[in-house]
Amino acid sequence: FERFAEFRDLEPNELLRRVPLFWTAKARVFDVNPVAQLNAQDLHDQNDDKAAVPDAAYTEVDVDPTLTGPNVQIVDIEQPSNVPVDPSQSLLFDRSQKQFEAVNAYFQIDRAQRYLQSLGYTGARRLVDYVLPVDPHAANGTDNSYYIPSAIPGHGALYFGDGGTDDAEDSDIMLHEFMHVVQDWIA
């Protein structure tokens, strides 16, 4: 379902033009982590080297190029700083580019929230009924990820660290942290 803005001539009620309210861009993500995707236990991070992960580990998907939607917003709260994603440019990043983790985190968390909504958790029953802030490069670069609640009960933000393999490259880690968000929302 795609929403449009319609511009009409009121007298004859004639449609003048129809403009999509949302747009998507092609992006590359890890649809699960590369070790699981390729069944290759011998893959190693190699300091974010592009050559460490074959192209076959990437999947092309459609995402909101602003990395802001009704479920998730990529933010920069903690160090290290994120490299901004330019929505007018290609989002076909690889893991050697810092923007890759932002795109991957946005896709994974948004998809998890959409899945919950497909199960009927919508409207008054919606889980995590706010735009979740996600910092894909946080924790001062350490190998740690976490959820921190805010002063508003049931609200908070996700933070993903960069030590070892960047945590925002691994969907299992991201989904684990997202379930802390869901648990806090329910509690």
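Helices (H or I, at least four residues) and strands (E, at least two) are DSSP runs, numbered from the N terminus. This is a predicted model, in which local features need pLDDT of at least 70 and side-chain atom pairs count only at pLDDT 80 or more, while totals for chains, interfaces and linings use all residues. Residues are numbered from 1 along each chain as its sequence is written, and side-chain values use heavy atoms, with hydrogens and water left out.

**Figure 1. The whole chain has three helices and eight strands.** Read from the N terminus on, the elements run β-β-β-α-β-β-α-β-β-β-α. The C-alpha trace spans about 65 × 40 × 30 Å along its principal axes. Of the 187 residues, 43% count as buried; here buried means under 20% relative accessible area, exposed over 50%, and partly exposed in between (1.4 Å probe, protein chains only). A contact means heavy atoms within 4.5 Å. Among contacts between residues at least 6 apart in sequence, 65% join residues at least 24 apart.

**Figure 2. Ala168 sits in the loop between strand 8 and helix 3.** This alanine is buried, with a relative accessible area of 0%. Which residues does Ala168 contact, leaving aside its neighbours within four places in sequence? They are Glu101, Asn104, Ala105, Pro136, Phe160, Gly161 and Met174. For a sense of distance, Ala168 and Arg126 are 42 residues apart in sequence and 25 Å apart in space, C-alpha to C-alpha.

**Figure 3. Helix 2 (99-118) is mostly covered, with 15 of its 20 residues buried.** From its first C-alpha to its last, helix 2 reaches 29 Å, close to the 28 Å expected at 1.5 Å a residue; the expected span is 1.5 Å times one less than the number of residues. Look within helix 2 for Gln108, which counts as buried at 2% relative accessibility. Not counting residues up to four places away in sequence, Gln108 touches Phe30, Asp31, Val32, Ser171, Met174 and Leu175. After helix 2 comes Gly120, with a positive phi near 110 degrees.

**Figure 4. The largest nonpolar core holds 38 residues.** A nonpolar core is a set of buried Ala, Val, Leu, Ile, Met, Phe, Trp, Tyr and Cys residues joined through side-chain atoms within 4.5 Å. In the largest one, Val134, Leu158 and Phe178 touch the most other members. Two or more residues each come from strand 3 (25-30), strand 4, strand 5, helix 2, strand 6 (132-135), strand 8 (156-160) and helix 3 (171-186). Helix 2 gives the largest share of this core, nine residues. Leu158 touches Ile109, Leu132, Pro133, Val134, Asp135, Tyr146, Tyr147, Glu177, Phe178 and Val181, not counting residues up to four places away in sequence. There is also a second, separate core of five residues, among them Ala138, Ala139, Ala157 and Tyr159.

**Figure 5. The second largest pocket encloses about 180 Å³ of space.** On a 1 Å grid over the protein atoms alone, a cavity is a set of points where a 1.4 Å probe fits but cannot get out, and a pocket is an open set with protein on both sides within 12 Å along at least five of seven lines; lining residues have an atom within 4 Å of a point. Grid points are joined across faces, edges and corners, and a volume is the space filled by probe spheres set on the points. Of the 14 lining residues, Asn33, Pro34, Val35, Thr165 and Glu169 lie nearest the centre of this pocket. By class, its lining has five nonpolar, three polar and six charged residues. Ala, Val, Leu, Ile, Met, Phe, Trp, Tyr, Cys and Pro count as nonpolar, Asp, Glu, Lys and Arg as charged, and the others, Gly among them, as polar.

**Figure 6. Two asparagines share a loop and a positive phi.** Most residues other than glycine have a negative phi, and most peptide bonds are trans. In the loop between helix 1 (34-38) and strand 4 (58-63), Asn39 has a positive phi of about 50 degrees. Asn47, also in the loop between helix 1 and strand 4, has a phi near 55 degrees. Asn39 counts as exposed at 63% relative accessibility, and Asn47 counts as exposed at 72%.

**Figure 7. A cis peptide bond joins Gln79 and Pro80.** Its omega is about 0 degrees. Pro80 lies in the loop between strand 5 (72-74) and helix 2.
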